[in-house]
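Subject: Structure handover

Hello,

Here is the structure we discussed. Please look through it alongside the notes below.

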Amino acid sequence: MAFPASVKLVEVGPRDGLQSIEKTISTEEKIQFINMLSSAGLPEIEVTSFVSPKWVPQLADAKDVSQQIERNEHITYTALVPNLKGLEGAVESGYQSVAVFTAASETFSQKNTNCSIDESIQRFEEMRPVWEMNNLRVRGYVSTCWVCPYEDFVSVEKVADVVQKLVDLGIQEISLGDTIGKAVPDSVEDVLESLLSDFSPSLFALHFHDTYGNALDNIRKGLEYGIAVYDSSAGAIGGCPYAPGASGNVGTEEVADLCAEENIVTGVDRVLLEKAGEFIQSITSEKEAAAS
Ligand code: HMG
Ligand code: MG
């Protein structure tokens with residue numbers, strides 16, 4: 001299949017990129033980073049998460065960040081939410097787009113959200129009336145679609161089963177997560193071959209962490225299959241605190257360059273994106289040096 005003519009880059013740096021950093025990044029620094037990403041024209045920015053501050057202390061300022069960023073009407077601002085309480089927080093903070101998250105492996109689901117996969121789906125059922133009443137756009141993450149840090153390889157059947165449950169909930173975009181960066185082009189092909197026999201490529205986004213340097217090749221494979229939405233993080237920062245071995249998301253800069261090479265439109269201002277990536281790298285490397 002020909003590559004898509006245009007691609008949507010979902011910038012997850014302010015959430016996935018920052019959530020694991022131990023030393024607190026100030027609310028002002030987060031706001032500056034997000035405003036720089038908005039200036040760079042990223043079409044969607046995952047701003048923060050409304051999760052338990054005991055589980056992810058770095059994002060305890062979700063409400064303040066959300067209230068103080070400058071919003072551009074052409075950009076979708078999304079908040080990650082694990083349960084009804086998180087969803088209510090996101091609604092109070094004015095979000096029209098939220099992302100829920102579950103996994104294809106049981107142990108990761110337990111470690112990350114203290115519940116089984118089925119219980120996570122029940123939480124989404126409880127949230128559904130609220131997102132429907134508020135007419136929210138809902139994205140759903142499925143973590144560990146290839147390899148789980150606790151259970152190793154995950155079967156395609158398990159991924160397909162969770163995807164079907166999210167579709168049944170009316171979720172409009174499903175992001176397939178390679179949580180610890182162990183997918184390779186052949187395994188990406190296996191999962192996509194299987195899923196695309198039942199679902200349209202337009203349902204999916206791909207979310208690659210770049211622990212072993214495979215993310216760009218995996219994205220090329222996704223493009224071959226017509227997937228047109230990719231999650232990435234400016235400055236390639238990031239990782240999940242409950243996934244040992246997770247390193248940063250693939251860099252937004254690298255994905256933008258890959259798209260430019262292939263004449264795929266992203267609409268992103270590459271110079272302003274570089275500045276946002278350099279800014280957050282300078283902040284996170286300072287914090288990591290101070291913490292070590
Ligand atoms: P729990 O401890 O089972 O929750 O955690 P609970 O319902 O028993 O509540 C315990 C306490 O947490 C209570 O407070 C609640 O009010 C509070 P207390 O009475 O003890 O003072 N609480 C909350 N506070 C704020 N916001 C909330 C909330 N919910 C409960 N929404 C829970 C369950 C889901 C809350 C917890 O496990 C959690 O927050 N997990 C989030 C972990 C996380 O954020 N992981 C990283 C994001 S996922 C990721 O990175 C993967 C992804 O990038 C894709 C990929 O790469 O694969 C998306
Ligand atoms: Mg992630």
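The notes below cover the metal site, the other ligand, and a few residues to look at individually.

Please keep in mind that this is a predicted model.

Metal site

The magnesium ion (ligand 2) has three kinds of entry in its donor list: Asp16 through OD, His207 through NE2 and His209 through NE2, at 2.0 to 2.3 Å. Along the chain, these donors follow the spacing D-x190-H-x1-H. Aspartate 16 belongs to helix α1 (residues 13-17), while histidine 209 is in the loop that runs between β9 (204-208) and α9 (215-224), so the pair ties together parts that are 193 residues apart in sequence. Are these two residues buried or exposed? Aspartate 16 is buried, at a relative accessible area of 2%, and histidine 209 is buried as well, at 3%. Both values fall under the 20% cut-off for buried residues.

Histidine 209 has a further partner in the protein. Its side chain makes a polar contact of 3.4 Å with the side chain of asparagine 249. Asparagine 249 is in the loop between β10 (229-232) and α10 (252-261), and with a relative accessibility of 1% asparagine 249 counts as buried.

Ligand 1

Where does ligand 1 sit? Ligand 1 occupies the largest pocket. Elements contributing two or more residues to the shell around ligand 1 are α1, α4 (84-92), α5 (106-113) and β5 (137-143). The surrounding residues number 27, and the closest are Gln19, Asn83, Asn114, Ser143 and Thr179.

Polar atoms of the protein approach ligand 1 at several places. From the backbone, an N or O atom of valine 51 is 3.2 Å from a nitrogen atom of ligand 1, and an N or O atom of serine 52 is 2.9 Å from an oxygen atom of ligand 1. From a side chain, an N or O atom of histidine 209 is 3.0 Å from an oxygen atom of ligand 1. The protein buries 74% of the 1,100 Å² that ligand 1 exposes when taken alone. Histidine 209 therefore appears twice in these notes, as a donor to the magnesium ion and as a side-chain neighbour of ligand 1.Positive phi angles

Which residues other than glycine have a positive phi? Threonine 144 is one of them, with a phi of about 50°. Threonine 144 is in the loop between β5 and β6 (147-148) and, at 0% relative accessibility, counts as buried. Asparagine 263 is another, with phi near 55°. Asparagine 263 comes just after α10, in the loop between α10 and α11 (270-291). Asparagine 263 is exposed, with a relative accessible area of 69%.

Other points

Within α10, the buried residues are Thr252, Glu253, Val255, Ala256, Leu258 and Cys259.

Valine 7 is in the segment before β1 (8-11) and counts as buried at 6% relative accessibility. The C-alpha atoms of valine 7 and tyrosine 230 are 7.5 Å apart in space, although the two residues are 223 apart in sequence.

Regards

Notes
Residues are numbered from 1 along each chain as its sequence is written. Chains are lettered from A and ligands numbered from 1 in the order in which they are written. This is a predicted model: local features need pLDDT of at least 70, side-chain atom pairs count only at pLDDT 80 or more; totals for chains, interfaces and linings use all residues. Side-chain values use heavy atoms; hydrogens and water are left out. Donors are N, O and S atoms within 2.8 Å of the metal (3.2 Å for Na, K and Ca); water is not among the atoms, so sites may look incomplete. Helices (H or I, at least four residues) and strands (E, at least two) are DSSP runs, numbered from the N terminus. Buried means under 20% relative accessible area, exposed over 50%, partly exposed in between (1.4 Å probe, protein chains only). A residue is near a molecule or strand if one of its heavy atoms lies within 4 Å of it. A polar contact is a pair of N or O atoms within 3.5 Å; within protein, one must be able to donate a hydrogen and the other to accept it, and residues adjacent in sequence count only if both atoms are side-chain atoms. Accessible areas come from the Shrake-Rupley method with a 1.4 Å probe; for residues, only the protein chains shown count as cover. On a 1 Å grid over the protein atoms alone, a cavity is a set of points where a 1.4 Å probe fits but cannot get out, and a pocket is an open set with protein on both sides within 12 Å along at least five of seven lines; lining residues have an atom within 4 Å of a point. A molecule sits in a cavity or pocket if more than half of its atoms lie within 2 Å of its grid points.
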